[in-house]
Amino acid sequence: MSGGGGIPRLVIAAPSSGAGKTTVATGLMAAFAEAGLAVSPHKVGPDYIDPGYHSLATGRPGRNLDAYLCGPDRVAPLFLHGAAGADLAVVEGVMGLFDGASGMGELSSTAQVAKLLRAPVVLVVDASSQSRSVAALVHGFASWDPEVRLAGVILNKVGSDRHEALLREAMESSGVPVLGALRRDGRAGTPSRHLGLVPVAERRAEALASVRELAARVREGCDLTALLALARTVPELPDAPWDPAAEVRADASGDRPVIAVAGGAAFTFAYAEHAELLTAAGAEVVPFDPLRDEQLPPGTRGLVIGGGFPEVYAPDLSANAPLRAAVARLAASGAPVSAECAGLLYLSRAIDGKPMCGVLPAEARMTERLTLGYREAVALADNALAAAGTRVRGHEFHRTVLEPGAGPRPAWGLTHPERRVEGFVTGGVHASYLHVHWAAEPSLAARLVAGAARRAPVAAP
């Protein structure tokens, strides 16, 4: 296993979305893991779903690297934290190689992350409608930013042996080696939904089969030996690994309040660092499944409900009346509750008419309109999650509308790219559409745990 900042690593990028980054990256992760390597999986950007497939492929937590949410200075430390002990790290990019946060240049782009990690880039090209033009495309991407090391190409959606021969002949003049060629193949499909792939937790058996098929395709079509050799050409990173224990401090009393964290198929959106920060701050983190568990974990003194697709499971969530009542009791007690997006909807009165927990005086409904983008926000008043004036960067993406969208005490005041108030603060509840990466603001985890430590567990009726 590798140590320090010299962990072998590759960034898998593409000229645009839809070229096959997830197919290739997940297949590579699985193929190398099946070969006996400890593979660390990473994803550029705020996406929660691809890391689920990455985790399935490698047996390690899929981790996000987002320079907008966490700041460029934290990208390498978070990478080194996640990749500790790995033989190889594979980083899947986002959108096109040079596409970043809207109007902010290269910020949060795959290219920026590759430079911060000093990692070679392998470009996945959709070759389905071109032959010689592929060389011009690759030449343009290779020469656009000399600080980005475009070190290889994987040709995807190749139609035939003849097509592959034409593509390889054209690429000989580009100076960029072809490290693989994958044929058009729909066998390893990953069904999509309005926000991307269907999460692994919703289709685990099918997802396992898909990942195995992707690994087989990559083994057949890619030069794994050359890719691994390329990954080993990286320099040492000078950064120290991110350490949650250095970011927060546990209560010296040794009291470890139980923080229940929602999971299961309905609540699949979570950054691995959140649970690590809660644990470092002194909490006992206990997962539970709102689709199956009728009570909160014993001794619960705080609650975290992250994102997911609750609208898909609204009938089942609604049918679990005992848990909805338990969540409402905990919230009414003043215990700290952090709810993001799906969690916000779960705490509302209803989703599309299906009763939810009734903690918030609002109702949610599905719409055709996608709300998507990075946001900057400030806490307008002290609450269970953030002190007044705390500034964060977050990400919003959903096809639901909550009416009203904010309570008398909003969770956040959004400052960029639009100005409005959003979410609810009531008692110990902080509920918002905004997804925030706590590694950028560890005080959020520390404040939640400190609030839980001051509470007594809520007894069941």
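User: In this predicted model, which residues are in contact with Trp-438, leaving aside its neighbours within four places in sequence?

Analyst: The model is a predicted one, and the contacts of Trp-438 are listed here without its neighbours within four places in sequence. Contact means heavy atoms within 4.5 Å. On that basis the partners of Trp-438 are His-274, Leu-277, Leu-278, Val-304, Ser-338, Glu-340, Leu-385, Leu-444, Ala-445 and Leu-448.

User: How many residues are in the largest nonpolar core, and which of them touch the most other members?

Analyst: In soluble globular proteins, nonpolar side chains tend to be buried together. Here the largest nonpolar core has 112 residues, and its largest share, 7 residues, comes from helix H1, which covers residues 21-34. Apart from this core lies another, of 38 residues, among them Phe-288, Cys-357, Phe-424 and Val-429. Within the core of 112 residues, the members that touch the most others are Leu-117, Leu-227, Trp-412 and Trp-438.

User: Why is helix H1 described as largely enclosed by the rest of the structure, and how many of its residues are buried?

Analyst: Helix H1 has 14 residues and reaches 20 Å from its first C-alpha to its last, close to the 20 Å expected at 1.5 Å a residue. Its buried residues are Lys-21, Val-24, Ala-25, Thr-26, Gly-27, Leu-28, Met-29, Ala-30, Ala-31 and Phe-32. The helix is called largely enclosed by the rest of the structure because the number of its 14 residues that are buried is 10.

User: Which residue, with a positive phi, follows H1, and which one follows H13?

Analyst: After H13 comes a glycine whose phi is positive, near 95°, and this residue is Gly-334. After H1 comes a glycine whose phi is also positive, near 100°, and this residue is Gly-36.

User: Where do the buried residues of H13 fall when the helix is seen down its axis, and within what arc?

Analyst: Helix H13, residues 321-332, reaches 16 Å from its first C-alpha to its last, close to the 16 Å expected at 1.5 Å a residue. Its buried residues are Leu-323, Arg-324, Ala-326, Val-327, Leu-330 and Ala-331. Seen down the axis, these buried residues line one face of the helix, because they fall within an arc of 160°.

User: Is Val-327 buried or exposed, and what does it touch beyond residues up to four places away in sequence?

Analyst: Val-327 belongs to helix H13, and at 1% relative accessibility it counts as buried. The C-alpha atoms of Val-327 and Tyr-346 are separated by 9.8 Å, the two residues being 19 residues apart along the chain. Not counting residues up to four places away in sequence, Val-327 touches Leu-296, Leu-303, Tyr-346, Leu-347 and Cys-357.

User: Why is the pair of Tyr-48 and Phe-397 stacked, and what is the angle between the planes?

Analyst: A search of the whole structure finds 9 aromatic pairs. In the pair of Tyr-48 and Phe-397, the ring centres are 6.2 Å apart, and planes under 30 degrees apart count as stacked. The pair is therefore stacked, with its planes at 20°.

User: How many residues apart in sequence are the parts that this pair of Tyr-48 and Phe-397 ties together?

Analyst: Tyr-48 is buried, with a relative accessible area of 7%, and Phe-397 is buried too, at 9%. Tyr-48 lies in the loop between strand E2 and helix H2, whereas Phe-397 lies in strand E17, so the parts tied together are apart in sequence by 349 residues.

User: Which residues, other than glycine, have a positive phi, such as the one near 55° or the one of about 70°?

Analyst: Most residues other than glycine have a negative phi, and most peptide bonds are trans. The value near 55° lies in the loop between strand E13 and helix H14, in a residue that counts as buried at 6% relative accessibility. The value of about 70° lies in the loop between strand E4 and helix H5, in a residue that counts as buried at 3% relative accessibility. The residue near 55° is Cys-341, and the one of about 70° is Ser-108.

User: Which residue does a cis peptide bond join to Pro-404, and which one to Pro-417?

Analyst: Pro-404 lies in the loop between E17 and strand E18, and omega of its cis bond is about -5°. Pro-417 lies in the loop between E18 and strand E19, and omega of its cis bond is near 5°. The partner of Pro-404 is Glu-403, and that of Pro-417 is His-416.

Methods: Residues are numbered from 1 along each chain as its sequence is written. This is a predicted model: local features need pLDDT of at least 70, side-chain atom pairs count only at pLDDT 80 or more; totals for chains, interfaces and linings use all residues. Side-chain values use heavy atoms; hydrogens and water are left out. Rings of Phe, Tyr and Trp (its six-membered ring) pair if their centres lie within 6.5 Å; planes under 30 degrees apart count as stacked, over 60 as edge-to-face and the rest as tilted. Helices (H or I, at least four residues) and strands (E, at least two) are DSSP runs, numbered from the N terminus. Buried means under 20% relative accessible area, exposed over 50%, partly exposed in between (1.4 Å probe, protein chains only). A nonpolar core is a set of buried Ala, Val, Leu, Ile, Met, Phe, Trp, Tyr and Cys residues joined through side-chain atoms within 4.5 Å. The expected span of a helix is 1.5 Å times one less than its number of residues. The arc is that of the directions from the helix axis to the C-beta atoms.
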